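Here are a few short exercises to work through with the model open beside you. Try each task before you read its solution.

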Amino acid sequence: MAAAVREDGARGRGRGRRGCEHYDRGCLLKAPCCDKLYTCRLCHDNNEDHQLDRFKVKEVQCISCEKMQHAQQTCEECSTLFGEYYCNICHLFDKDKKQYHCENCGICRIGPKEDFFHCLKCNLCLAMNLQGKHKCIENVSRQNCPICLEDIHTSRVVAHVLPCGHLLHRGYRCPLCMHSALDMTRYWRQLDDEVAQTPMPSEYQNMTVDILCNDCNGRSTVQFHILGMKCKICESYNTAQAGGRRVSLDQQ
């Protein structure tokens, strides 16, 4: 699976870090919604019954001298650096991780910027190696991951671009279109061996079934097997039964 760029890249606390479990920073944000002080929007949202609008943050408090001041990168009182990286749009303070603000996405992304491009149809920053080589789906990131249900566009978890064009945080098959999320060729060959080594009971050996392949969308009639039914067109086992079982007429 190819990776889409993730949002600002918050991560867990490490030794010698300032701030919270999400970000390394030297200030607290004054929430414009409730006037409370929090290290970051995520800490706020985890403790309140509403969400902090990062774009409306106007003031921060220095953790060294406790000076309240307008949002900026360095404390005007004691010169404490609030963040190696600072975005005056998202009001993101953090260690330098090659972040950049994407105007089209509307938020900060983990870079380096030159390694990504913004696909206008998908409306998302993608790795350069996907330029002209991915299936576009309009506004594909403006939805929740169908598996973990987390918002994909603003998620801090890397989203993977599947061959079908959908985005997923994790998984081996797209739950939206059922296409395989990975190159499953090696696994299909292993399944070939398992099928060959697992003969069906005599009453099933001449039984066939119509199948629909979720990978190539082709239909074929194959021998029924409890371990899986292989598409005759693309050799994928990512198939579904599309008709009832029947015994081959020439072998009844």
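**Exercise 1. Find the volume of the largest pocket in this predicted model, and describe its lining.**

Solution.
- Step 1: Start with the volume, which is about 450 Å³ for the largest pocket.
- Step 2: Turn to the lining, where 17 residues take part; Arg-41, Asp-45, Gln-51, Arg-54 and Thr-154 lie nearest the centre of the pocket.
- Step 3: Sort the lining by class, and you get 7 charged, 6 polar and 4 nonpolar residues.
- Step 4: Look for the element that gives the largest share: helix 1 (residues 41-47) supplies 4 residues.
- Step 5: Check the domains; domain 1 (27-94) and domain 2 (100-168) each contribute at least three residues to the lining of the largest pocket.

**Exercise 2. How many cavities of 30 Å³ or more are there, and which residues lie closest to the centre of the largest cavity?**

Solution.
- Step 1: The count gives 2 cavities of 30 Å³ or more.
- Step 2: The largest cavity holds about 90 Å³ of space.
- Step 3: Its lining consists of 11 residues, and Arg-41, Arg-54, Cys-90, His-91 and Leu-92 are the closest to the centre.
- Step 4: Divided by class, the lining of the largest cavity has 6 nonpolar, 4 charged and 1 polar residues.
- Step 5: Now put the two sites side by side: Arg-41 and Arg-54 are among the residues named at the centre of the largest cavity, and both are also listed nearest the centre of the largest pocket.

**Exercise 3. Is Pro-146 buried, partly exposed or exposed? Place Pro-146 in the chain and list its contacts.**

Solution.
- Step 1: Locate Pro-146 in the loop that runs between strand 11 (124-127) and strand 12 (160-161).
- Step 2: Apply the cut-offs, with buried under 20% and exposed over 50%. The relative accessibility of Pro-146 is 27%, so Pro-146 counts as partly exposed.
- Step 3: Set aside neighbours within four places in sequence, and the contacts of Pro-146 are Leu-167, Leu-168, Pro-175 and Leu-176.
- Step 4: Take one distance as a check: 9.8 Å separates the C-alpha atoms of Pro-146 and His-166, which are 20 residues apart along the chain.

**Exercise 4. Summarise the protein chain as a whole: what are its secondary structure, burial and surface?**

Solution.
- Step 1: Count the elements, which come to 17 strands and 2 helices.
- Step 2: Of the 252 residues, 44% count as buried.
- Step 3: The accessible surface is about 13800 Å², and carbon and sulfur atoms account for 46% of that surface.
- Step 4: Finish with the contacts between residues at least 6 apart in sequence: 41% of them join residues at least 24 apart.

Technical notes: Residues numbered from 1 in each chain as written. Predicted model: local features only at pLDDT ≥ 70, side-chain atom pairs only at ≥ 80, totals over all residues. Heavy atoms only, no water. Buried < 20%, exposed > 50% of the residue type's maximum accessible area, 1.4 Å probe, protein only. Contact = heavy atoms within 4.5 Å. Areas by Shrake-Rupley, 256 points an atom, 1.4 Å probe, with all protein chains shown as cover. 1 Å grid on protein atoms, 1.4 Å probe; cavity = no way out; pocket = protein on both sides within 12 Å on 5 of 7 lines; lining within 4 Å. Points joined across faces, edges and corners; volume = space filled by probe spheres on them. Nonpolar A, V, L, I, M, F, W, Y, C, P; charged D, E, K, R; others polar. Domains from an automatic or database assignment.
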